[in-house]
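Q: Could you take me on a close look at one part of this protein, the largest pocket and the elements around it? I would like to see how the pieces fit together.

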Amino acid sequence: MFGKNISEEILAEYPLENYETPANAYAAIITDAWFAVPAYNVNSALCKKIPVYAYEFDDQTAPNYIETSFTQGAAHTYEIPYIFKNFHGSSELSTKLNSSQEKLSREMIKYWANVSKLPKQKDKNFLRLTLPKVENLSDNEFVKNHHVEFWNKILN
């Protein structure tokens, strides 16, 4: 996917022993390379001109609407049922939220509906939408958690 010439570098950056399964390591690599780092780079450019707000959906117990043989955790688009009740893509799987998820849903809706009321600061503002409560992420945490420097070196 990234070329054989960098596979050793990726394995060194994402050692398999740091993950529950090889699939989890692969998911982290794809999440970082395709989603987190490009979004971070866009936010870094934009925050010099306008307030920027970003989120990381991290409810590992999120209901999934795609059947697989493995645990999906907080997969891409799995935050949608938190904003649009009972959204389940084109599947018939239930995306009913439990009470903790309902609380997170209410908080997320509050953020989305009131984004214009959030503090106006020229900085990268990261929220980790997770249970048991939403957390603020510092720029340094995001960079470290998503291997931003590594991917910027590899992909640029």
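A: Helices and strands here are DSSP runs, helices being H or I over at least four residues and strands E over at least two, numbered from the N terminus. On that basis, the protein reads α-α-β-α-α-β-β-α-α along its sequence, with 6 helices and 3 strands in its secondary structure. Please keep in mind that this is a predicted model, in which local features need pLDDT of at least 70 and side-chain atom pairs count only at pLDDT 80 or more, while totals for chains, interfaces and linings use all residues. Residues are numbered from 1 along each chain as its sequence is written, and side-chain values use heavy atoms, with hydrogens and water left out.

Now to the pocket itself. On a 1 Å grid over the protein atoms alone, a pocket is an open set of points where a 1.4 Å probe fits, with protein on both sides within 12 Å along at least five of seven lines; lining residues have an atom within 4 Å of a point. The largest pocket has a volume of about 1500 Å³, where volume is the space filled by probe spheres set on the points, and points are joined across faces, edges and corners. Its lining holds 42 residues, and Ala-27, Thr-31, Phe-57, Ala-74 and Ala-75 lie nearest the centre. Helix 2 (22-46), strand 1 (52-57), strand 2 (124-129) and helix 5 (139-145) each supply at least two lining residues. Helix 2 gives the most, with 13 residues. Sorted by class, the lining has 21 nonpolar, 15 polar and 6 charged residues; Ala, Val, Leu, Ile, Met, Phe, Trp, Tyr, Cys and Pro count as nonpolar, Asp, Glu, Lys and Arg as charged, and the others, Gly among them, as polar.

Two of those contributors belong to the sheet. The 3 strands form an open sheet in the order 1-2-3, with mixed pairing; two strands pair if DSSP finds at least two bridges between them. Strand 1 and strand 3 (135-137) are the edge strands, each pairing on one side only. Strand 1 and strand 2 pair in the parallel sense over 6 bridges, and Tyr-55 stands opposite Leu-127 in strand 2. In the loop between strand 2 and strand 3 you will find Pro-132, and the peptide bond from Leu-131 to Pro-132 is cis, with omega near 10°.

Helix 2 deserves a second visit. Helix 2 lies across strand 1 and strand 2, running at about 145° to strand 2; axes are lines fitted to C-alpha atoms, for helices over the stretch in contact, and angles run from 0 to 180 degrees between N-to-C directions. The axes of helix 2 and helix 6 (residues 148-155) come within 10 Å and cross at roughly 90°. Helix 2 is therefore roughly perpendicular to helix 6, a label for angles of 65 to 115 degrees. Ile-29, Asp-32, Ala-33, Val-37, Tyr-40 and Asn-41 of helix 2 make the contact with Val-148, Trp-151, Asn-152 and Leu-155 of helix 6, where contact means heavy atoms within 4.5 Å. These contact residues divide into 7 nonpolar, 2 polar and 1 charged.

Note on methods
Angles under 35 degrees count as roughly parallel, over 145 as roughly antiparallel, 65 to 115 as roughly perpendicular and the rest as oblique.
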